[in-house]
Amino acid sequence: MEYDFDWVDAFSEAPFGGNGCAVVHGGAGLPEAICTAYVRETSLVECTFTGPSEVADVRVRYYLASREIPFAGHPTLATVAALRHRGLISDGALTLETGAGIVPVEVSGNRVSMTQVAPRFGVRVPKAVVAAVGGLAPEEILHTPRLVSTGLPFCITLVRDRATLERVSLNAKALNDYFAHLGEDRSDTMEPYWITLEGATAAGDTFARLLLAPPSPAEDPFTGSATGAAAAYLWSEGLIEHPAYRAEQGHGLGRPGLAEVRVLGPREAIEGVQVSGAGALVMSGKVFLPAG
């Protein structure tokens, strides 16, 4: 079957920055095996498949190379930018039906602002368990890591400084030990999201990295869902003074990305996290996929 697709680099003003996502228009009804195979074909971390919704303006389904997930940040931005490019939506407000709930979005040209759902705070994970995953010493982690989700869970891990962040290297055995500690038998969510309170450039207030296990690429250039989770963690734990800041990621991969972040609500009762950025169209065309 023939579908229109757009490839958008999210959290970037220009192509080849931020994080890419291929958006397959009208493909929400495709089976998971086809969608995950398509993600592997693109070598991207995630792709989205859109369709009609009875409860929102658009339905969006999100896929890794391994399975469907309820929500992802940079693919949300990319999807909305692709819809805007094709004239399927106009500037203003719209809602997306996702596996994590209804996500409100505001659109203005190539800029998209999403309001991620109120955070769910999970368990705290010992510094030593998380540090081993990244090849760090426990004392290089400044605050006890914690599982946080604003649509997709990550283990938010605040490290000492940018130099420490740049030394993080994935230890596969320690990652398996980390998941065993959590009682999980899969390695494609809840990964440590490493962040420091230093920008990669003068434009940023934070800098972060997300290292991934196969079949995903080794590192995610920009992680919008983890950006929201990290903001909720930093604000709720009293680690940042102000609820709004600029988040950077991807610079070590040569794919710099930037998001404007605002936590909504007081530290003890966060209502959501607003994550905003630009989307740059890279290519458009047709994709031919089997029906099942």
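# Close-up views of a predicted model

**View 1. Three strands contribute to the lining of the largest pocket.** Strand 15 (244-249), strand 16 (257-264) and strand 17 (272-288) each supply at least two residues of the lining of the largest pocket in this model, which is predicted. Strand 16 makes the greatest contribution to this lining, with four residues. The volume of the largest pocket is about 160 Å³, and among the 16 residues that line it, those closest to its centre are Phe-11, Ser-12, Glu-13, Gly-257 and Leu-258. Sorted by class, the lining of the largest pocket comprises six nonpolar, five polar and five charged residues.

**View 2. Arg-111 and Glu-13 meet in a salt bridge.** The side chains of Arg-111 and Glu-13 approach to 3.0 Å, taken from N to O. Arg-111 belongs to strand 8 (residues 111-116), while Glu-13 sits in the loop between strand 1 (2-10) and strand 2 (19-24), so the salt bridge ties together parts that are 98 residues apart in sequence. Arg-111 is partly exposed, because its relative accessible area is 33%, whereas Glu-13, at 54% relative accessibility, counts as exposed because the cut-off for that class is over 50%. Glu-13 also appears in the first view, as one of the residues closest to the centre of the largest pocket.

**View 3. Glu-237 and Arg-146 form a salt bridge between buried residues.** The side chains of Glu-237 and Arg-146 meet at 3.5 Å, N to O. This pair links distant parts of the chain, with Glu-237 in the loop between helix 6 (224-236) and strand 15, and Arg-146 in strand 10 (residues 146-149), 91 residues apart. Both Glu-237 and Arg-146 are buried.

**View 4. A salt bridge joins strand 16 to strand 15.** In the pair formed by Glu-260 and Arg-246, the closest N and O atoms are 2.8 Å apart. Glu-260 lies in strand 16 and Arg-246 in strand 15, so their salt bridge ties together parts that are 14 residues apart in sequence. Glu-260 is partly exposed, with a relative accessible area of 32%, and Arg-246 is likewise partly exposed, with a value of 31%. Elsewhere, salt bridges that share partners join Glu-2, Asp-4, Asp-6, Arg-86 and Lys-286 into one network. The count for the model comes to 15 salt bridges.

**View 5. Aromatic rings pair edge-to-face.** A search of the whole structure finds six aromatic pairs. One of them is formed by Phe-49 and Tyr-63, which are edge-to-face, with 5.5 Å from centre to centre and 90° between the planes. Phe-49 lies in strand 3 (residues 47-51) and Tyr-63 in strand 4 (residues 58-63), so placed that the pair links distant parts of the chain, 14 residues apart. Phe-49 counts as buried, at 0% relative accessibility, and Tyr-63, also at 0%, counts as buried. Tyr-178 and Phe-179 form another edge-to-face pair, with 5.1 Å between centres and 70° between planes, and both of these residues are buried. Ring pairs link Tyr-38, Phe-49 and Tyr-63 into a cluster.

**View 6. Ile-102 is shown with the residues that it touches.** Ile-102 lies in strand 7 (residues 101-108) and is partly exposed, with a relative accessible area of 38%. Leaving aside residues up to four places away in sequence, Ile-102 touches Val-55, Ala-56, Thr-95, Leu-96 and Glu-97. The C-alpha atoms of Ile-102 and Asp-57 are separated by 9.7 Å, although these two residues are 45 residues apart along the chain.

Methods: Residues are numbered from 1 along each chain as its sequence is written. This is a predicted model: local features need pLDDT of at least 70, side-chain atom pairs count only at pLDDT 80 or more; totals for chains, interfaces and linings use all residues. Side-chain values use heavy atoms; hydrogens and water are left out. Buried means under 20% relative accessible area, exposed over 50%, partly exposed in between (1.4 Å probe, protein chains only). Contact means heavy atoms within 4.5 Å. On a 1 Å grid over the protein atoms alone, a cavity is a set of points where a 1.4 Å probe fits but cannot get out, and a pocket is an open set with protein on both sides within 12 Å along at least five of seven lines; lining residues have an atom within 4 Å of a point. Grid points are joined across faces, edges and corners, and a volume is the space filled by probe spheres set on the points. Ala, Val, Leu, Ile, Met, Phe, Trp, Tyr, Cys and Pro count as nonpolar, Asp, Glu, Lys and Arg as charged, and the others, Gly among them, as polar. A salt bridge is a side-chain nitrogen of Lys or Arg within 4 Å of a carboxyl oxygen of Asp or Glu. Rings of Phe, Tyr and Trp (its six-membered ring) pair if their centres lie within 6.5 Å; planes under 30 degrees apart count as stacked, over 60 as edge-to-face and the rest as tilted.
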